[in-house]
Amino acid sequence: MLTVDFGRLDLTPGARVLDLGCGSGRHTAAAYRLPGAHVIGVDLACADLSAARERLQLHDRLGAHGGGRWDLCAADGLRLPFADGRFDLVVCAEMLEHVRADSRVLAEIARVLRPGGELAVSVPRHGPERLCWALSADYAAAEGGHVRIYCKPALLARLRRAGLKPRASHYAHSLHTPFWWLKCLAGPRRTDAPLVNLYHRLLVWDLMKKPRLTRVIERLLNPLLGKSLVVYARKAN
């Protein structure tokens with residue numbers, strides 16, 4: 001399930017891409033499909049990096065890539081081990097909301113981006129996230145969970161302060177919003193809530209089958225119910 005729309009990015013073959021907070025590597029693998037791209041996935045969680053490695057190795061076996069190469073790195077977003085101007089694109093999907101010093105992370109992103117390089121960043125959308133926090137104290141207080149709720153103007157202001165100029169935005173994953181509301185109502189730690197489990201089965205089926213009907217429904221609902229806010233920004237030349 002991709003949050004970033006790579007079709008909105010202005011990239012040339014051989015792009016150098018950093019996926020910051022790569023998790024299991026969904027965006028790392030998508031960037032690996034770009035022609036000749038050199039993609040580096042960064043995360044602090046060894047289990048997530050292991051899952052990302054398996055995903056990327058599968059792409060290698062299937063030949064499902066653009067002919068470039070990939071690497072994975074355990075590193076802290078507050079102190080990235082890369083030279084200034086190293087990357088053409090940084091992807092930072094659903095990561096900033098977990099970090100208290102988000103301004104420092106954005107400063108590091110701006111540092112490792114080349115002049116004119118692009119950032120694709122996503123965070124939970126304000127309205128759906130606010131309701132999740134209201135429905136469940138456990139959701140808001142979960143260890144390793146979200147430490148803040150972003151509204152769009154605040155996120156755009158943070159990007160500008162870091163020297164990154166926002167140029168486009170959209171919302172994504174509206175079908176996932178009711179799932180999280182139901183999960184918060186039932187209790188985030190519960191695994192025996194029938195309606196939550198049924199909805200989860202629907203989401204897995206949609207992810208695997210990608211039927212045209214649900215794609216159209218989600219696209220229509222995203223402006224109203226999209227779970228994620230996605231912003232595309234560019235570093236000044």
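**Close-up 1. T177, tucked away in helix 7.** T177 is buried, with a relative accessible area of just 1%. This comes from a predicted model, as do the other views here. The residue belongs to helix 7, which covers residues 176–186. Which residues does T177 touch, once those up to four places away in sequence are set aside? They are P128, L225, G226 and K227.

**Close-up 2. The largest nonpolar core and its hubs.** This core has 31 residues, and L18, L96, I109 and L159 are the ones touching the most other members. Plenty of elements chip in: strand 1 (16–20), strand 2 (38–43), strand 4 (87–93), helix 3 (102–112), strand 5 (113–124), helix 6 (152–161) and strand 7 (228–235) each provide at least two residues. Helix 3 is the top contributor, with 5 residues. There is also a second, separate core of 25 residues, with L9, L56, W70 and V230 among its members. As a bit of background, nonpolar side chains in soluble globular proteins tend to be buried together.

**Close-up 3. L18 and its company.** L18, one of the hubs of the largest core, has a long list of partners beyond its neighbours within four places in sequence. Its contacts are I40, V42, L80, F82, F87, L89, V90, V91 and V112. Two of these names, F82 and F87, come back in the aromatic view below.

**Close-up 4. Strand 2, covered on both faces.** How many of the residues of strand 2 are buried? The count is 6 of 6. H38, I40 and V42 sit on one side and V39, G41 and D43 on the other, and every one of them is buried. Strand 2 pairs with strand 1 in the parallel sense, over 5 bridges. Within this part of the model, V17 stands opposite V39 of strand 2.

**Close-up 5. Helix 3 and what packs over it.** The buried residues of this helix are D102, V105, L106, E108, I109, A110 and V112. So the list holds the charged residues D102 and E108 alongside I109, a hub of the largest core. What covers the buried residues of helix 3? The cover includes strand 1, strand 4, strand 5, helix 6, strand 6 (164–172) and strand 7.

**Close-up 6. L113, fully out of reach in strand 5.** L113 has its place in strand 5. With 0% relative accessibility, L113 counts as buried. Beyond its neighbours within four places in sequence, L113 is in contact with G85, F87, D88, L89, V90, E118, L119, L164 and K235. V4 is another matter: it lies 109 residues away along the chain, and its C-alpha atom is 18 Å from that of L113.

**Close-up 7. Aromatic rings, paired and clustered.** How many aromatic pairs does the structure hold? There are 4. One of them joins F82 and F87 edge-to-face, with ring centres 5.1 Å apart and planes at 90°. Both F82 and F87 are buried. Elsewhere, Y139, F179, W180 and Y199 come together in one aromatic cluster.

**Close-up 8. Arginines over rings.** R86 lies over the face of F87, at 5.3 Å from the ring centre. That gives F87 an arginine partner as well as its edge-to-face partner F82. In another spot, R125 has its charged end over the ring of Y171, 3.6 Å from the centre.

**Close-up 9. A sampling of the salt bridges.** The model has 16 salt bridges in total. D206 and R215 form one of them, with their closest N and O atoms 2.2 Å apart. Is D206 buried or exposed? D206 is buried, at 8% relative accessible area, while R215 counts as partly exposed at 28%. The bridge between D5 and R8 has its closest N and O atoms 3.3 Å apart. Both ends are partly exposed there, D5 with 33% relative accessible area and R8 with 37%. R69 and D71 also meet in a salt bridge, at 3.6 Å from N to O, and D71 counts as partly exposed at 31%. Finally, R16, D88 and R114 are linked in a network of salt bridges. D88 also turned up earlier, among the contacts of L113.

Conventions. Residues are numbered from 1 along each chain as its sequence is written. This is a predicted model: local features need pLDDT of at least 70, side-chain atom pairs count only at pLDDT 80 or more; totals for chains, interfaces and linings use all residues. Side-chain values use heavy atoms; hydrogens and water are left out. Rings of Phe, Tyr and Trp (its six-membered ring) pair if their centres lie within 6.5 Å; planes under 30 degrees apart count as stacked, over 60 as edge-to-face and the rest as tilted. Buried means under 20% relative accessible area, exposed over 50%, partly exposed in between (1.4 Å probe, protein chains only). A charge sits over a ring if NZ of Lys or CZ of Arg is within 6 Å of the ring centre and within 35 degrees of the ring normal. A salt bridge is a side-chain nitrogen of Lys or Arg within 4 Å of a carboxyl oxygen of Asp or Glu. A nonpolar core is a set of buried Ala, Val, Leu, Ile, Met, Phe, Trp, Tyr and Cys residues joined through side-chain atoms within 4.5 Å. Helices (H or I, at least four residues) and strands (E, at least two) are DSSP runs, numbered from the N terminus. Contact means heavy atoms within 4.5 Å. Two strands pair if DSSP finds at least two bridges between them.
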